[in-house]
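Reader: I am new to protein structures and would love a close look at one part, taken step by step. Please begin with a charge beside a ring and then lead me into the strands around such rings.

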Amino acid sequence: MAEKITPRSENYSQWYVDIILNAKLADYSPVKGSMVIRPHGYALWEAIQRNLDDMFKATGHTNAYFPLLIPESFIKKEAEHVEGFSPELAVVTHAGGEELEEPLVIRPTSETIIWSMYKKWIQSYRDLPLLINQWANVLRWEKRTRLFLRTSEFLWQEGHTAHATEKEAREETVRMLNVYKEFAEKWMAIPVLTGVKSPSEKFAGAIDTYAIEAMMQDHKALQAGTSHFLGQNFAKAFDVTFQNDAGSLEYVWATSWGVSTRLVGALIMTHSDDKGLVVPPKLAPIETVIIPIFRNKNKEEVVGYARKLYDRMKDEFRVKLDADDSNSPGWKFAEWEMLGCPVRIELGPRDMENGKAVLVRRDNGEKEIVDIETVPARVKELLESMQVDLFQRALENRETHTYDVDSYDRFKEIFDGEGGFIRMPWCGDAGCEAAIKEETKATIRLIPFEQPELKGAVCPRCGKPADKIAVYARSY
């Protein structure tokens, strides 16, 4: 049986690590700062990948693959880009026993190498829009790492699109942000805020960065996805022009957008409990597990009863029959709770005699006894209810810990306590933003798209006029 999990109330950080290790999601790698994603963790990532990929393709995008190694000179072509990534770059200087003529950077993100190729592929407005995504790994040499949330190497997708007009590019940036929001809320059962990052928090090389931000159970924020309007910065750096329908040459307009294996961390910290992992049914690798309860003398009959149910359900559900006799039923119950399986079906000799089954929901532990014939229909209902309930619980957590503040003392008081999301007027000054971060460890997570009308509002910290509300939080 799995090791004991540290209670969330005792040590949230250790609880998070305990969940990952005991639910067999990932393990520490021999290479410092990187992780090994175990089969159960990778199955979650595959479910995320599969469903997101369908959404990307439904919006007209296609997949491609670009090299892991990028010439160092490419990275240096966009000044803000190289400045933003320089501390995180890993550089290959030798290969094949020889020093390379030009060092190669291990991909931290692919804008530069992709735009070097777009220069070859784009000549006319007829070549636009170009809507490409890639699923890949990237490397950013992180000093402080945490499994799934921040590792030196991680898996992600990165979309890179090229457009004829600024309007089309901006529409694409928002469209993909909304895809992320829909996926987070409908599939991951995680409510998210959307908005634009402050200039100091935007992606290196972007004009604007949009983000989805989620609140974890400990009331910290997690940036769960970003979408960037790149303007013409990379097109100019790589001289990517197109002939418009009037015959003139123009620079292309660009976007990029991405989510990563950090989403697995978001899922853990939003829904799991002190018994282990809790997985939203839509993403669960196994939606329901059938556990026959038997002794040697009745094993054949009880397992046969369970197998008939399995055969009825296997075409409709991601279902597993756990008929292993090397562990006790109690051990199996705890193990499947640890792994986060949404619904457990228990079948014992008495259930078999009475034509019944016991159903147990993972998220709230509720048990019910139902007729064996109604099990598939009832399991479907439980899965649907659990998906909705997980979202509602996460939303309630966020709403309960979101505050409108117009006093800097109150702002600090909240972060001295439980924390949360604070909506507060902001003067727009980067120096004031930096001072707040220094004094409270809270940052501007985003500036919401929808803004109230502010008349005579001032920034509570500096007293300067404020024309926008920003959402502050401590974050991962």
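Author: Let's start with Lys282, whose charged end sits over the ring of Trp187, 5.0 Å from its centre. A charge counts as sitting over a ring if NZ of Lys or CZ of Arg is within 6 Å of the ring centre and within 35 degrees of the ring normal. Lys220 offers another example: its charged end sits over the ring of Tyr476, 5.1 Å from the centre.

A word on what you are looking at: this is a predicted model, in which local features need pLDDT of at least 70 and side-chain atom pairs count only at pLDDT 80 or more, while totals for chains, interfaces and linings use all residues. Residues are numbered from 1 along each chain as its sequence is written, and side-chain values use heavy atoms, leaving out hydrogens and water.

Now for rings that meet other rings. The structure holds 17 aromatic pairs (rings of Phe, Tyr and Trp, the last by its six-membered ring, with centres within 6.5 Å; stacked if the planes are under 30 degrees apart, edge-to-face if over 60, tilted for the rest). One of them joins Phe229 and Trp253: their centres are 6.2 Å apart with 10° between the planes, and the pair is stacked. Phe229 belongs to strand E11 (residues 221-231) and Trp253 to strand E14 (residues 253-260), so this pair ties together parts that are 24 residues apart in sequence. Helices (H or I, at least four residues) and strands (E, at least two) are DSSP runs, numbered from the N terminus. Both Phe229 and Trp253 are buried (under 20% relative accessible area with a 1.4 Å probe and protein chains only; exposed is over 50%, partly exposed in between).

Phe411 and Tyr472 make another pair: the ring centres are 5.2 Å apart and the planes stand at 85°, so this one is edge-to-face. Here too distant parts of the chain are linked, with Phe411 in helix H13 (residues 408-416) and Tyr472 in strand E23 (residues 468-473), 61 residues apart. Phe411 and Tyr472 are both buried.

Where do these strands belong? Strands E11, E14 and E23 are among the members of an open sheet of 11 strands, ordered E3-E7-E8-E14-E11-E10-E9-E22-E23-E21-E20, with mixed pairing. Strands count as paired if DSSP finds at least two bridges between them. At the edges are strand E3 (62-63) and strand E20 (402-404), each pairing on one side only. Strands of a sheet pair through backbone hydrogen bonds, either parallel or antiparallel. Strand E3 runs parallel to strand E7 (residues 130-139), joined by 2 bridges, and Asn63 has Asn133 in E7 as its bridge partner.

Let's move along to strand E10 (residues 208-215), where 7 of the 8 residues are buried. On one hand, E10 pairs with strand E9 (residues 193-196) in the antiparallel sense over 4 bridges; on the other, E10 and E11 pair in the antiparallel sense over 8 bridges. Ala211 is a handy residue to follow: Ala211 is the bridge partner of Gly195, and Ala211 also stands opposite Thr226 in E11. E10 and E11 form a hairpin with 5 residues between them, and His219 in that turn has a positive phi of about 75°.

Helices lie across this sheet as well. Helix H6 (residues 166-186) lies across E7, strand E8 (153-163), E9, E10, E11 and E14, running at about 10° to E14. Angles like this run from 0 to 180 degrees between N-to-C directions, using axes fitted to C-alpha atoms, for helices over the stretch in contact. Helix H13, the home of Phe411, lies across E20, strand E21 (421-426) and E23, running at about 160° to E21.

Last, a residue in another strand: Thr241 lies in strand E12 (residues 241-243). With a relative accessibility of 22%, Thr241 counts as partly exposed. Beyond its neighbours within four places in sequence, Thr241 is in contact (heavy atoms within 4.5 Å) with Ile122, Gln123, Leu249, Glu250, Tyr251 and Val252. Thr241 and Lys119 are 122 residues apart in sequence, yet 7.3 Å apart in space, C-alpha to C-alpha.
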